[in-house]
Amino acid sequence: MNHRTRAVLTAALLLATPAGATPTVVDGLAPQAQDGWTTPLWRAVHGPDDALMEARFEAELAAVEQAEDAEADVQDDEAAEDTTTPVVDPEKPAAVSIGSPNGGWLVYPARLQGHPHIKSRARSNYGTDETVQAIAAAVDAVERRHPGGHPLVVGDISRRQGGPFRPHKSHQSGRDADIGYYLVDGAPDGLKRATPRTLDVARTWTFLESLLADDKVEYVFTDRRLERALYRYAKEKAKVPAEVLDRVFSYPHANKTGILRHLRGHADHLHVRFRSPQAIAAATAYVREHGLAAIRPLPVYRKVRRGDTLTGLARRHKTSIKNLCRWNRISRKKVLHPGMKLIVGHRRPRLPEPDAS
Ligand SMILES: [Zn+2]
């Protein structure tokens, strides 16, 4: 989201939030997400370091996880049979990416399915149109330049309507994808650990080169040893110009961040963050059409039982006493009586979709 779009959306949301009411996810996230670009990298995948936001989503997650999994099972069973849907579905409204990758949602998602050279996960292959199309185009580029390779394994992108997705911190708004490496030692079944020896450097570089064109990608986490192999290939075999190498790679510099960055745990997949400007901009129109209430998180209530304390409730619902006080507009000293109803977290709203009545 560019600064202007974000500013407009934030202003709209702040104006529409009554004073003292629980702030929406989006207005809470806007400054948070903006900070994300200027603070250490790991924050982008490890989530906001604001304990408040963290706790809110933990609580939300705990509350909806079960219900959602049941719902997803039914939808996935229906969807799993449909392997003929093209990657680009002209009937679908443009995807909307709401909030941030670490605390957000996805509406009208595109699905990465039905592509002959991609193996994806039926339950988590939902993304923005930009994410899904970029991956498919990059795989096509690999197939054109080096035909006959194994299908690319794509791990989690987002769930159907996005939102919290364990064990990830991000992957919430359709803009993150875990993507396997092309390997020289046979077709992998899932995300498989690559080494400089087993990495199919030529195909993986071609894939990345396509992704990196047109500023579609914000960053890519990989493993330093694999990055080094890719760097050498790009420099020596692919004859990539020095200024491009410098922009794309962190290697060989110790303290530099190029688009490709080392992060522990990425020897078996690339974590790609897509920019998706159209899907982000679409959030403003979505809010205008459906109203702010449609994207506001729903409170999760709990009835106070004998012996409950704020400390105990905070621990149990993975939130803080501060949050409980703020959400319920009570003080820390409030004596809890059995039967009181307290807000202990928030869950995803039912995001309006054309087929939902
Ligand atoms: Zn990831």
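This report describes the confidence, the buried core, the helices and strands, and some unusual backbone sites of a predicted protein model.

## Confidence along the chain

Because the structure is predicted, it is sensible to begin with its confidence. The protein chain has an average pLDDT of 81, and 74% of the residues score at least 70. That confidence is spread unevenly over the elements: helix α2, covering residues 25-36, has the lowest mean pLDDT, at 37, whereas strand β7, covering residues 176-179, has the highest, at 98. Two stretches call for caution in reading. Over residues 1-49 the pLDDT stays under 50, and the model has 68 contacts beyond four places in sequence for this stretch. Over residues 76-85 the pLDDT also stays under 50, and here the model has ten contacts beyond four places in sequence.

## Overall make-up and cores

The protein chain contains eleven helices and twelve strands, and 43% of its 357 residues count as buried. When contacts with a separation of 6 or more are considered, 73% of them are between residues 24 or more positions apart.

The largest nonpolar core is made of 58 residues, and the residues with the most contacts inside it are Val 96, Ile 135, Val 139, Val 154, Val 220 and Val 272. A second core, separate from this one, has five residues, including Leu 310, Leu 324, Leu 342 and Val 344.

Which residues does Val 272 touch, leaving aside those up to four places away in sequence? They are Asp 176, Ala 177, Ile 179, Leu 211, Val 217 and Val 220. The contact with Ala 177 can also be followed in the strand pairing, since Val 272 in β10 is the bridge partner of Ala 177.

## Two strand pairs

Strand β7 is joined to strand β10, which covers residues 270-274, by four bridges, and the two strands run antiparallel. Within β7, Asp 176 and Asp 178 point one way while Ala 177 and Ile 179 point the other way, and all of these residues are buried.

A second antiparallel pair is formed by strand β1, residues 96-100, and β2, with five bridges between them. A hairpin of two residues connects β1 to β2, and Gly 99 stands opposite Gly 104 in β2. Strand β2 itself, residues 103-107, is mostly covered, as five of its five residues are buried. From β2, Gly 103, Trp 105 and Val 107 point one way and Gly 104 and Leu 106 point the other way, with burial on both sides.

## Helix α9

Helix α9 runs over residues 277-290 and has 14 residues; from its first C-alpha to its last it reaches 20 Å, which is close to the 20 Å expected at 1.5 Å a residue. The helix nevertheless has a kink of about 25°, centred on Thr 284. Its buried residues include Ala 279, Ile 280, Ala 281, Ala 282, Ala 283, Tyr 286 and Val 287. Just after α9 comes Gly 291, whose phi is positive, at about 85°.

## Backbone sites in the loops

Two peptide bonds leading into a proline are cis, and they are listed together below.

| Cis peptide bond | Omega | Loop holding the proline |
|---|---|---|
| Arg 166 to Pro 167 | about 0° | between β6 (152-153) and β7 |
| Tyr 251 to Pro 252 | near 0° | between α8 (242-248) and β9 (260-262) |

Positive phi values also occur in two residues that are not glycine, namely Tyr 108 and Asp 214. Tyr 108 has a phi of about 50° and is found in the loop between β2 and β3, residues 110-111. For Asp 214 the phi is near 60°, and this residue is found in the loop between α6, residues 201-212, and β8, residues 217-222.

Is each of these two residues buried or exposed? Tyr 108 has 22 other C-beta atoms within 10 Å, so it counts as buried, given that the cut-off for burial is 20 or more. Asp 214 has 9 other C-beta atoms within 10 Å and therefore counts as exposed, the cut-off for exposure being 12 or fewer.

Definitions and conventions. Residues numbered from 1 in each chain as written. Predicted model: local features only at pLDDT ≥ 70, side-chain atom pairs only at ≥ 80, totals over all residues. pLDDT = per-residue confidence, 0-100. Contact = placed C-beta atoms within 7 Å. Core = buried A, V, L, I, M, F, W, Y, C linked by C-beta atoms within 7 Å. Expected span 1.5 Å × (residues − 1). Bend = angle between axes of the 7 residues up to and from the residue. Pairing = 2+ DSSP bridges.
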